[in-house]
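The exercises below concern a structure that is to be read alongside its sequence. Please work through each task before consulting the solution.

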Amino acid sequence: MSADKKSSEPLFSKKNKKLITDPLTDNNPVTIQVLGICSALAITVQVNQAIVMSLSVLFVIIMGNLIVSLLRNLIPSRIRIIVQLLFVASLVIIVDQVLAAFLPDLSAKLSVFVGLIITNCIIMGRLEAFAMANKPWPSVLDGFGNGVGYGAILVLVAVFRELFGSGTLMGFPIFGNSLPGSESGLYQLGYQNNNLMILPPMALIIVGVIIWVQRARNKALIEEH
Amino acid sequence: MAINKESTGFTFGFAIVLVIILGVILASLAEGLKPMKEKNVRVKKQIDILSAMMDVEEANIDRSNAETEFSKYVKLEEAVVLNKDGKEVGKGKSAFEIDIKKEFRDKTLEEKDKKFPLFIAKNKEGASRFIIPVVGKGLWGPIWGYICLEEDMNTIAGVSFDHKTETPGLGAEINKPFFMDRWKKSEISDSEGDFKKYEVVKDNSGTTDPSKVDGITGGTITSKGVEEMVNRSLAIYTNYFKNRKSK
């Protein structure tokens, strides 16, 4: 590929745009590739947590893709996986430390799950499958697309779980006051929060429903058996 | 000269250089952020202690002003350190530095060497308050809190509980006002000054019986953890209060 061709390609060419839009829809890392399910179960009880988790993953995946892509011609192939892991782990530690220093309350809530970003297969998957073979800019876009695709599902699941499990969104009561003895709004009429929503299995069920809806709308996604 | 990047030498060199670079970056970051993290931990502890005594939101206490507000209410130089029998073994600022969570976890530490700090504070009206830190086990992880006693060293003025990983909506509710308010106004000792046990119950009798507290529906193990934590800690401090009162 000549240098001319590279400079003539616009930053957001059709191909590059596809890198962002694909993971949001027909190649979503969570609902289509079924990756990153572990964290989707763990930190989708509240929308706040889901958003911070998504942003953390977004940062790690973009930076990871960028670094690996820049060094792709230098990384010895025999140790490439462990090198990628090193970058991801370092980035995750940076996120963890920065959260602990600047957002201590949220950091306490996310506890071990920030550290567990390391094990999020979406990140390692993108580094190995995309960043190792592509130029930095497309890699950044790919990281952005996949990070947002992951985050979108996370937040969507969290909206359902927080709304029906705790009756709040971002911590604000939606259905009224649920405290026993001083109920207001819907709770006065006998409505109750669904405690099952708060437990991890419900996240799986919601992810399952999202996958179902998505495949029902796009028949091309259904695998042949 | 082209480098053979698949050679063993290059592979080793690459790995070594990379690890050194990343190590330096991470170490300097951790070191650079250390003062902020330590401050966060200290401030969180101060807010937790104050929230046993008063409504910190109402008093507009947050992370930004916690340190000045804390020194206004809590007189650290009056704080005491007790041993497991409730005997005074220390006094002063060192009480704040004791990490009772760590001591509670530490299996190698002997029971007699454990330290139990007691903070003495004055509320807005100038009345004495005694604040007892407590720590215990929930369902999934540690739970901890502070119990604040009124001037009589007997009536609970307020509590603040918190947890690390209890189930949201169930055990995690122990840090919600509706649960913590259930402890208020109950008494920790009988007329002799001896400790009486608390019982966390399910049958709603907590509203009438002062030695019972209603648990949390669906959070039985966490509620029982709170019960164990409160009873174990208060038993130690009641011994101390009995002596202090008789003086």
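**Exercise 1. Contacts and overall form**

What percentage of the contacts in chain B with a separation of 6 or more comes from residues 24 or more positions apart? Describe also the secondary structure and the overall form of the chain.

Solution.

Step 1. The model is a predicted one. In chain B, residues 24 or more positions apart account for 53% of the contacts with a separation of 6 or more.

Step 2. Chain B contains 6 helices and 8 strands. Along the sequence these elements follow the pattern α-α-β-β-α-α-β-β-β-β-α-β-β-α. The radius of gyration of chain B is 23 Å, whereas the globule rule gives 18 Å for 247 residues; the chain is therefore more spread out than a compact globule.

Step 3. Along the principal axes, the C-alpha atoms of chain B fill a box of roughly 90 × 40 × 40 Å. Of the 247 residues in the chain, 30% are buried.

**Exercise 2. The open sheet**

In which order do the 6 strands of the open sheet of chain B lie? Identify the edge strands, and then trace the pairing around strand 5.

Solution.

Step 1. The strand order is 2-1-3-4-5-6, and the pairing is antiparallel. Strand 2 (88-91) and strand 6 (156-163) of chain B are the edge strands, each pairing on one side only. On average, neighbouring strands of this sheet are turned by 25° against each other, direction ignored.

Step 2. Strand 4 of chain B pairs with strand 5 of chain B in the antiparallel sense over 8 bridges. Within this pairing, F130(B) has L149(B) in strand 5 as its bridge partner. A hairpin through 4 residues connects strand 4 of chain B to strand 5 of chain B.

Step 3. On its other pairing, strand 5 (residues 142-149) of chain B is joined to strand 6 of chain B by 7 bridges, and these two strands run antiparallel. C148(B) stands opposite G158(B) in strand 6 of chain B, and G145(B) has F161(B) in that strand as its bridge partner. The hairpin of strand 5 and strand 6 of chain B has 6 residues between the strands, and M153(B) there takes a positive phi near 55°.

Step 4. Strand 5 of chain B is mostly covered, since 6 of its 8 residues are buried.

**Exercise 3. Helices across the sheet**

Which strands of chain B does helix 1 lie across? Carry out the corresponding analysis for helix 6.

Solution.

Step 1. Helix 1 (residues 8-53) of chain B lies across strand 3 (116-122), strand 4 (128-137), strand 5 and strand 6 of chain B. Its direction is at about 140° to strand 6 of chain B.

Step 2. Helix 6 (residues 220-246) of chain B lies across strand 1 (80-82), strand 3, strand 4, strand 5 and strand 6 of chain B. Helix 6 runs at about 135° to strand 4 of chain B.

**Exercise 4. Two residues of helix 1**

Are R42(B) and F12(B) buried, partly exposed or exposed? Give a C-alpha separation for each.

Solution.

Step 1. R42(B) is found in helix 1 of chain B. R42(B) has 15 C-beta neighbours inside 10 Å and therefore counts as partly exposed. The C-alpha atom of R42(B) is separated by 8.7 Å from that of E67(B), 25 residues apart along the chain.

Step 2. F12(B) also has its place in helix 1 of chain B. With 12 other C-beta atoms within 10 Å, F12(B) is exposed. Between the C-alpha atoms of F12(B) and A59(B), 47 residues apart along the chain, the separation is 59 Å.

**Exercise 5. Domains and the chain contact**

How many residues does each domain of chain B bring to the contact between them? Characterise also the contact of chain B with chain A.

Solution.

Step 1. The domain assignment of chain B gives domain 1 (8-73) and domain 2 (75-246). Taken over C-alpha atoms, the domain centres are 27 Å apart. The contact takes 7 residues from domain 1 and 14 residues from domain 2.

Step 2. On the domain 1 side, helix 1 of chain B supplies the largest share, 5 residues. The residues on this side divide into 5 nonpolar, 1 polar and 1 charged.

Step 3. The contact of the two chains takes 25 residues from chain B and 23 residues from chain A. Helix 1 of chain B gives the largest share of the chain B side, 15 residues. The chain B side comprises 14 nonpolar, 6 polar and 5 charged residues.

Conventions
Residues are numbered from 1 along each chain as its sequence is written. Chains are lettered from A and ligands numbered from 1 in the order in which they are written. This is a predicted model: local features need pLDDT of at least 70, side-chain atom pairs count only at pLDDT 80 or more; totals for chains, interfaces and linings use all residues. Two strands pair if DSSP finds at least two bridges between them. Axes are lines fitted to C-alpha atoms, for helices over the stretch in contact, and angles run from 0 to 180 degrees between N-to-C directions. Ala, Val, Leu, Ile, Met, Phe, Trp, Tyr, Cys and Pro count as nonpolar, Asp, Glu, Lys and Arg as charged, and the others, Gly among them, as polar. The radius of gyration is taken over C-alpha atoms; the globule rule is 2.2 Å times the number of residues to the power 0.38. A residue is buried if 20 or more other C-beta atoms lie within 10 Å of its own, exposed if 12 or fewer, and partly exposed in between; C-beta atoms are placed from the backbone. Domain bounds come from an automatic or database domain assignment.
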